[in-house]
Amino acid sequence: MTLDFSILLRFEHALLLGLWMTIKLTVICVVLGCTLGFLVGLLRTSRNLALRAISSIYVEFFRGTPVLIQLFWIFFCLPLLLGVELSNLASGVIALTLYMGAITSETFRASLKSIGQEQLDACVALGLPRRSQVMNVVLPQAVLRAIPTLLSNCVSLFKESALVSAVGMADLMFVGQNISNNTARPVEVLTVVALIYFAIAFPLTRAVSLVEGRIQKKLAI
């Protein structure tokens with residue numbers, strides 16, 4: 001078999017559009033998922049037993065089931081239950097946001113627990129309302145401590161986003177599959193698609209290590 005990667009030059013624009021969709025989907029789900037994860041992390045550290053139980057069930061379910069099954073359930077089953085039609089984009093955003101919220105909630109829960117009780121006691125002594133405690137004291141420290149793991153979660157979500165191609169969303173993987181089917185050149189096409197994912201994910205993983213080292217030094221001061 002003779003490999004011919006030059007054939008992909010004809011589909012450069014399509015691949016770029018697919019990559020843009022993948023990046024856009026990842027950014028949307030990262031923002032929504034991290035926000036949801038922080039709120040769930042707060043609930044999991046709540047003194048209210050019911051809130052802790054509900055948030056724990058949510059986290060364990062979405063961490064303990066395959067993302068592909070979650071995506072299929074939301075795309076095929078949720079519209080039947082709600083009586084509304086969901087686009088593949090909406091289904092992808094919902095599924096990946098719920099998954100991201102579940103995995104980041106554990107990150108935030110660990111960072112919240114690392115904040116000394118004496119700081120919370122000081123907030124109470126100063127008479128700060130709960131909202132001020134969370135926004136001005138807890139949130140900045142929790143985010144700083146959670147950044148390295150959150151960045152790793154973002155890289156993982158970027159790679160997991162390839163699953164949305166299974167419901168027909170025109171991301172990088174979906175475009176690559178279509179090009180592969182139309183050209184009968186799966187080796188060249190899928191190799192290039194994999195290299196594109198790697199070219200983005202690998203520098204991010206290296207950046208995570210650098211950021212983690214700097215944060216550890218900062219927290220040690």
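1. Is Cys 77 buried, partly exposed or exposed? The structure discussed in this note is a predicted model, and in this model Cys 77 has a relative accessibility of 29%, so that it counts as partly exposed. It is a useful residue with which to begin, since it leads on to the cysteines.

2. A count of disulfides in the model comes to 0. Cys 77 belongs to no disulfide, and the cysteine sulfur nearest to its own, which is that of Cys 29, lies 19 Å away. For Cys 154 the closest cysteine sulfur is in Cys 34, at 5.0 Å, and this is too far for a bond, because a disulfide requires the two sulfur atoms to be within 2.5 Å. Cys 154 is a buried residue, as its relative accessible area is 19%, and buried means under 20%.

3. As to the overall build, the protein chain contains 8 helices and 0 strands, and its elements, read from the N terminus on, follow the order α-α-α-α-α-α-α-α. Taken along the principal axes, the box that the C-alpha atoms fill is roughly 70 × 50 × 25 Å. Of the 221 residues in the protein chain, 38% are buried.

4. Helix H4, which covers residues 88-113, deserves a careful look. With 26 residues at 1.5 Å a residue, H4 should span 38 Å, and the C-alpha atoms at its ends are 37 Å apart, so the expected and the modelled lengths agree. The helix nevertheless has a kink of about 25°, which is centred on Thr 104.

5. Two leucines of H4 can be read side by side. Leu 96 lies in this helix and is buried, with a relative accessible area of 3%, whereas Leu 98, also found in H4, is partly exposed, with a relative accessible area of 24%. The C-alpha atom of Leu 98 is 8.6 Å in space from that of Cys 29, although 69 residues separate the two in sequence. For Leu 96 and Gly 213, which are 117 residues apart along the chain, the separation between C-alpha atoms is 28 Å.

6. How many salt bridges does a search of the whole structure find? The search finds 4 of them, and the general idea behind such contacts is that side chains of opposite charge can pair when their charged atoms come close. One of these pairs is Arg 44 with Glu 106, whose closest N and O atoms are 2.1 Å apart. Since Arg 44 lies in helix H1 and Glu 106 in helix H4, the pair ties together parts that are 62 residues apart in sequence. Both partners are buried, Arg 44 as well as Glu 106.

7. Glu 106 also meets the side chain of Arg 63 in a salt bridge, with an N to O distance of 3.5 Å. Here Arg 63 lies in helix H2 (residues 49-64) while Glu 106 lies in H4, so this pair ties together parts that are 43 residues apart in sequence. Arg 63 counts as partly exposed, because its relative accessibility is 43%.

8. A further salt bridge joins Glu 106 to Arg 109, with the closest N and O atoms 3.2 Å apart. These two residues are 3 residues apart in helix H4, which means that about one helical turn separates them. Arg 109 is partly exposed, with a relative accessible area of 21%. Through salt bridges that share partners, Arg 44, Arg 63, Glu 106 and Arg 109 are joined into one network.

9. The surface has a feature of another kind, namely a nonpolar patch formed by Trp 20, Ile 23, Val 27 and Val 31, which together have about 380 Å² of accessible area. Val 31, one of the residues in this patch, lies in helix H1, which runs over residues 12-44.

10. Finally, the backbone at Ala 184 should be checked by eye. Most residues other than glycine have a negative phi, yet Ala 184, which is not a glycine, has a positive phi of about 55°. Ala 184 has its place in the loop between helix H7 (172-183) and helix H8 (186-220), and its relative accessibility of 57% makes it count as exposed, because exposed means over 50%.

Notes:
Residues are numbered from 1 along each chain as its sequence is written. This is a predicted model: local features need pLDDT of at least 70, side-chain atom pairs count only at pLDDT 80 or more; totals for chains, interfaces and linings use all residues. Side-chain values use heavy atoms; hydrogens and water are left out. Buried means under 20% relative accessible area, exposed over 50%, partly exposed in between (1.4 Å probe, protein chains only). Helices (H or I, at least four residues) and strands (E, at least two) are DSSP runs, numbered from the N terminus. The expected span of a helix is 1.5 Å times one less than its number of residues. The bend at a residue is the angle between axes fitted to the seven residues ending there and the seven starting there. Patches are made of residues with over 30% relative accessible area and no salt bridge: like charges are joined within 9 Å, nonpolar side chains (Val, Leu, Ile, Met, Phe, Trp, Tyr) within 5 Å. Accessible areas come from the Shrake-Rupley method with a 1.4 Å probe; for residues, only the protein chains shown count as cover.
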